[in-house]
Amino acid sequence: MAKAAAKTAAKPAVKPAAKAAAKPKAEPKAKVEAVKAKAEPAKVKVETITLKQLATTLAETHELSKKAANAILDDLVVTVTKHLKKGARVRLGGLGILQVRKRAARMGRNPATGEAIKIKASKKVAFRPAKELKEAV
């Protein structure tokens with residue numbers, strides 16, 4: 001009996017968590033896909049309207065050439081960008097307000113390593129929708 005006690009004492013203790021980590025259970029592929037399907041609802045494809053498509057629509061409704069409508073929208077983008085760079089707010093009636101907001105410097109984490117990193121201050125363009133747009137949508 002003393003020999004049996006000596007054998008069990010000589011064996012290193014293996015924790016149940018270590019055993020589970022050493023032998024991962026292989027789940028059937030169909031089961032994994034079924035779980036993923038339940039977790040993520042089916043994504044509905046949302047149509048993206050480009051500036052060129054907007055220009056085409058405006059050209060048809062206002063009896064303009066597509067080239068002229070496209071030039072107007074391009075100038076709109078350039079003008080809005082210029083005013084935002086200066087720090088002005090741009091109010092588009094019925095649509096909303098575009099403005100530049102300053103983001104302060106802050107501490108963040110590198111997700112790969114967990115190391116703390118400093119994120120420098122930056123500017124971002126913010127859009128606040130108008131009441132009319134909110135109600136329409």
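Start at the hairpin: select β3 and β4, which are joined by a turn with six residues between the strands. Within that turn, pick out G114, whose phi is positive, at about 80°. Keep in mind throughout that this is a predicted model.

**Stop 1: the hairpin**

Colour residues 106-109 for β3 and 116-119 for β4. The two strands run antiparallel, and four bridges join them. Now look across from one strand to the other. G108 in the hairpin has I117 of β4 opposite it. Move to R106, and the residue opposite is I119, also in β4. Leave I119 displayed for a later stop.

**Stop 2: the whole chain**

Zoom out and switch to a cartoon view. How many helices and strands does the protein chain have? The count is six helices and five strands. Trace the chain from its start and the order reads α-α-α-α-α-β-β-β-β-β-α. Five helices therefore come before the strands, as that order is written, and a helix follows them.

Next, turn on the surface. The accessible surface of the protein chain is about 12,500 Å². Carbon and sulfur atoms hold 60% of that area. Of the 137 residues, 10% are buried. Consider the contacts too, counting those with a separation of 6 or more: 29% of them link residues 24 or more positions apart.

**Stop 3: the three-stranded sheet**

Select β1, β2 and β5. These strands form an open sheet, in the order β1-β2-β5, with antiparallel pairing. Which strands sit at the edges? They are β1, residues 90-92, and β5, residues 122-129, and each pairs on one side only. Rotate the view to look along the sheet. On average, neighbouring strands are turned by 25° against each other, direction ignored.

Focus on the pair formed by β2 and β5. Strand β2 covers residues 96-103, and eight bridges join it to β5. The two run antiparallel.

**Stop 4: Q99**

Select Q99, which is in strand β2. Opposite it in β5 stands A126. Is Q99 buried or exposed? Q99 counts as buried because its relative accessibility is 16%, below the 20% cut-off. Now display its contacts, leaving aside neighbours within four places in sequence. They are L84, R89, K124, V125 and A126.

**Stop 5: R103**

Stay on β2 and move to R103, which lies in that strand. R103 is partly exposed, at 37% relative accessibility. Beyond its neighbours within four places in sequence, R103 is in contact with A121, S122 and K124. K124 is also on the contact list of Q99.

Bring I119 back into view and draw a distance to R103. The C-alpha atoms are 9.9 Å apart, while in sequence the two residues are 16 residues apart.

**Stop 6: helix α5**

Select residues 66-86, which make up helix α5. This helix lies across β1, β2 and β5. Compare its direction with that of β2: the helix runs at about 40° to the strand.

Pick K67 in helix α5. K67 is exposed, with a relative accessible area of 74%. Draw another distance, this time from K67 to A55. The separation is 12 residues in sequence and 8.2 Å in space, C-alpha to C-alpha.

Further along, select V77, another residue of helix α5. V77 counts as partly exposed because its relative accessibility is 40%.

**Stop 7: a nonpolar patch**

Keep V77 selected and add I49, L51 and L54. Together these four residues form a nonpolar patch on the surface. Their combined accessible area is about 310 Å².

**Stop 8: the loop before α5**

Finish with the loop between α4, residues 51-61, and α5. Select E63, which is found there. What is the phi of E63? The angle is positive, at about 50°, although E63 is not a glycine. Most residues other than glycine have a negative phi. Now check the surface at this position. E63 counts as exposed because its relative accessibility is 76%, over the 50% cut-off.

Definitions and conventions
Residues numbered from 1 in each chain as written. Predicted model: local features only at pLDDT ≥ 70, side-chain atom pairs only at ≥ 80, totals over all residues. Heavy atoms only, no water. Pairing = 2+ DSSP bridges. Axes fitted to C-alpha atoms, helices over the stretch in contact; angles between N-to-C directions. Contact = heavy atoms within 4.5 Å. Patch = residues over 30% accessible without salt bridge, like charges linked within 9 Å, V, L, I, M, F, W, Y side chains within 5 Å. Areas by Shrake-Rupley, 256 points an atom, 1.4 Å probe, with all protein chains shown as cover. Salt bridge = Lys/Arg side-chain N within 4 Å of Asp/Glu carboxyl O. Buried < 20%, exposed > 50% of the residue type's maximum accessible area, 1.4 Å probe, protein only.
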